[in-house]
Amino acid sequence: MSEARATVAIALRRMSRRFAATWLLRCGAAALAGALCPAGPLAFAAAAALAVAAAPLGATRGIRDLSYFALPLYGRQLARAQAIAPCVGALAVPLGFGAGAALAGKALSAEHLVALALAAVVAALIAVSAALREGPRAWLYVLLAWGGGALVAGATQASGRFGGLAPPLVAFLVGFIALRQFGETLARYDPV
Amino acid sequence: MNRFDTLTTSTRGFALKILGACFERAGEELVAPFDLSLRPGERRTLVQPSPLSASLAARIAAAIVKPTAGVVHVGDFDARLQPAQAKRLVGFVPAGGFTGGPHAFSCQIGLRADAWGIARGDARRRAAGILEAFGDGADPYARALALALIPQVALLVLDQPRGPAGERAAGFAPGAAVLTTEVAPAVPFRLEPPLAAAARS
């Protein structure tokens, strides 16, 4: 019970007023891009590129705060709690783009919207691991985040009877591995 | 590479037991191996040659940092294998105290109350009670102490304490073991010829 309370408290602590302001700003910019983007296959590609590229931005902020490491939580519990805010932050662009495109009369399909959201969340889950690394290693995780997000977005091109299930399946698999990896890294990390 | 050691002596009756704990990074020894044991109510000061070493030693004792080698037991819990249980018993006051604003302080109280499963109202009252003892409560170390003592702790770790909060901290945690770290720069050892030999030549 106290683990659930701690998870919610950490997530809320990380979603400060500044976080909300940044989220709204990103959402507004994405809505503008969605409204201006021409309809058709290009719209989804542009939305996916924006969502995945923006997901790592700010995802790593505050993760190294010493106060979190003094809490009586295991690495995997802390990882789950720390990952909520970046995932919520990553949803700003897909939601904004979708809303902007819909308002301009060029609404994306529900399947594409879900794929966009999943791609952004997966990119954010991979990107959080960059917070615990320095220099080129941190950048490698940002590149991995972009690659993972692109993989989920690209899975919408899967054809066949169950082709529609490809993005959620890929997102679950990649996201699960990324979160496990983040938990392992947090458990081993020493805040020096 | 971490070396996994095992503690072969009993931890019964100890709030903290450290055997051969050290910390290395990139081949550099930041904390030399040290042993330490503390029973409930005892106070000890651990002296280190630099602020970084002192902070690291304090964090090792508080189960926040894992030692490169050696064993740390907080109560009956191995800090490497059962970090969550070990941290539950520890109140850690970082060097420099808590420097965030009033909103951040209030959020921290809520966070710690939720993490330790304490009612938020009780946590706020306890923190306010400790801060009251230090006047206006603006002292960063007093604020960090108030946060550390929101739960009932068996071990209080004070990293390089300063001011009245550092001196009076133990009074707010009766029965708890208190470990303090301090910095005392090492005097370089100089080998000189004996005076008598020098006089003969």
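**Helix H4 and the sheet of chain B**

Let's start with helix H4 of chain B: residues 120-132 make up its 13 residues, and from first C-alpha to last it reaches 18 Å, close to the 18 Å expected at 1.5 Å a residue. Keep in mind that this is a predicted model. Below, we go through the two sides of H4(B), then turn to the sheet and the helix lying across it.

**The two sides of H4(B)**

- On the buried side, H4(B) has Ala123(B), Ala127(B) and Ile130(B).
- Look down the axis of H4(B) and these buried residues fall within an arc of 60°, so they line one face of the helix.
- Their cover includes two helices of chain B, H3 (102-116) and H5 (140-148).
- Flip to the face turned away from the buried side and you'll find the exposed residues Gly121(B), Asp122(B), Arg125(B), Ala128(B), Gly129(B) and Glu132(B).

**The sheet**

- Chain B also has an open sheet of 4 strands, ordered E2-E1-E4-E5, with antiparallel pairing.
- The edges belong to E2 (28-38) and E5 (77-78) of chain B; each has a single partner strand, so one side of each is left without a neighbour in the sheet.
- E2(B) pairs with strand E1 (residues 16-25) of chain B in the antiparallel sense, over 7 bridges.
- If you want a spot to look at, try Phe23(B), whose bridge partner in E2(B) is Val31(B).

**The helix across the sheet**

- Helix H1 of chain B (residues 51-61) lies across E1, E2 and strand E4 (69-74) of that chain.
- Relative to E2(B), H1 runs at about 45°.

Conventions
Residues numbered from 1 in each chain as written. Chains lettered and ligands numbered in written order. Predicted model: local features only at pLDDT ≥ 70, side-chain atom pairs only at ≥ 80, totals over all residues. Expected span 1.5 Å × (residues − 1). Buried ≥ 20, exposed ≤ 12 C-beta atoms within 10 Å, placed from the backbone. Arc of directions from axis to C-beta. Contact = placed C-beta atoms within 7 Å. Pairing = 2+ DSSP bridges. Axes fitted to C-alpha atoms, helices over the stretch in contact; angles between N-to-C directions.
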